[in-house]
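Let's take a walk through this model together, with the sequence and the coordinates open side by side. We will go from a loop to the helices and end at the pocket.

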Amino acid sequence: MKLLFLGDIVGKGGCEAVKRLIPDFKFKNKIDVVIANGENSAEGNGILPSSADEILSSSVDLITTGNHVLRRREIYDMLDDENSLILRPDNYHEDAPGRGVITLDFLKYKLCVINLLGNVYMDYVKNPFEHIDKILENVDTKNIILDFHCEATSEKLAMGHYLRGRVSAVFGTHTHVPTADERIFPEGTAYITDVGMCGGENSILGVKAENVLRRFRTNLPTRFESDKENCTINGVLVEINTDTGKAVSIERVLLK
């Protein structure tokens, strides 16, 4: 199985870049599954039904999210739909709308996708290390990937080591800057600390640079706008042996 995972999609520009570039890239590279983090896909922050629909109409099979997913109440009904293709971190409180684990059945094989939030420098959630142990007890396939959405690189790397040989891949998201540490652990788990983002190449984490600079210079409240110009796509392409659940290869993807 060839799986493409896309970093955080930021605003309208990120959505349009995915829609313009991913269908052809998926076809030419014979990619089986595309998953994208869409928690910043709405203008302003969070995810809306309109941005989710745009992503899912762009050859993306599933959307993961992170700490901004619940900021826009308009998405709650879509999260709660039993057929929803949008995940929210599973270690939120049980009263939160939606779910954080899904098993996709492709007939020849199954793929379990898990979405978790980190604890360090983030809002309090259930301990992700203890939580994933409980999740894995009930997974009925060897093909398992995790979108681990967190701030601290150390926490992401710790999770990568914790799951060595237990999952097919661990993808770090949230910080919007791609890291150069993609690898496959000896036990067959693919790993990268942060996949990066889909957004303006000359932005600051997807936001117009002038907005962020004003905030740093003045420390005054500033309305952030996503940068829609010269958008790039960051992702990772992973090949998984579906018989063993082990990763065969991992490579960073940059599309302009």
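**A guided tour of the fold**

Start at Ser59, which sits in the loop between α2 and β4. Keep in mind as you look around that this is a predicted model. Ser59 has a phi near 70°, a positive value in a residue other than glycine. Its relative accessible area is 26%, so Ser59 is partly exposed. A second residue of this kind is worth a glance: Asn230 is not a glycine, yet it has a positive phi of about 50°. You will find Asn230 in the loop between α6 and β12 (231–241).

Now step back into helix α2, residues 49–56. Its buried residues are Ser51, Ala52, Glu54 and Ile55. Seen down the axis of α2, these residues fall within an arc of 160°, so they line one face of the helix. The general background is familiar: an α-helix has 3.6 residues a turn, so residues three or four places apart point the same way. What does the buried face of α2 pack against? Its partners are β2 (8–9), α1 (11–28), β3 (33–37), β4 (62–64) and α3 (76–80).

Leu56 also belongs to α2, but with a relative accessible area of 26% it is partly exposed. Setting aside neighbours within four places in sequence, Leu56 is in contact with Asp61, Leu62, Ile63 and Leu85. For a sense of scale, compare Leu56 with Glu130: the two are 74 residues apart along the chain, and their C-alpha atoms are separated by 31 Å.

Helix α5 (residues 153–162) can be read in a similar spirit. Here the buried residues are Glu155, Lys156, Met159 and Gly160. They cover an arc of only 145° around the axis, which puts them on the same side of α5. Those buried residues pack against α4 (128–136), β7 (144–149), β8 (169–173) and β10 (190–192).

From β8, follow the chain into the loop between β8 and β9 (183–184), where His176 is found. Is His176 buried or exposed? At 10% relative accessibility, His176 counts as buried. Its side chain is joined to that of Asn40 by a polar contact of 3.4 Å. Not counting residues up to four places away in sequence, His176 touches Asp8, Val10, Asn40, Asp194, Gly196, Met197 and Leu205.

Met197 leads us on to Ser203, since Ser203 touches Met197 and Asp227 when residues up to four places away in sequence are not counted. Ser203 lies in the loop between β11 (197–200) and α6 (209–218), and its relative accessible area of 15% makes it buried. Look at what its side chain does there: it reaches the backbone oxygen of Gly200 at 2.6 Å and the backbone nitrogen of Gly206 at 2.8 Å.

We finish at the largest pocket, which holds about 430 Å³ of space. Which of its 18 lining residues are the closest to its centre? They are Asn40, His176, Leu205, Val207 and Phe224. You have already met Asn40 and His176 as the pair whose side chains share a polar contact of 3.4 Å. Taken as a whole, the lining divides into seven nonpolar, nine polar and two charged residues.

Definitions and conventions:
Residues are numbered from 1 along each chain as its sequence is written. This is a predicted model: local features need pLDDT of at least 70, side-chain atom pairs count only at pLDDT 80 or more; totals for chains, interfaces and linings use all residues. Side-chain values use heavy atoms; hydrogens and water are left out. Buried means under 20% relative accessible area, exposed over 50%, partly exposed in between (1.4 Å probe, protein chains only). Helices (H or I, at least four residues) and strands (E, at least two) are DSSP runs, numbered from the N terminus. The arc is that of the directions from the helix axis to the C-beta atoms. Contact means heavy atoms within 4.5 Å. On a 1 Å grid over the protein atoms alone, a cavity is a set of points where a 1.4 Å probe fits but cannot get out, and a pocket is an open set with protein on both sides within 12 Å along at least five of seven lines; lining residues have an atom within 4 Å of a point. Grid points are joined across faces, edges and corners, and a volume is the space filled by probe spheres set on the points. Ala, Val, Leu, Ile, Met, Phe, Trp, Tyr, Cys and Pro count as nonpolar, Asp, Glu, Lys and Arg as charged, and the others, Gly among them, as polar. A polar contact is a pair of N or O atoms within 3.5 Å; within protein, one must be able to donate a hydrogen and the other to accept it, and residues adjacent in sequence count only if both atoms are side-chain atoms.
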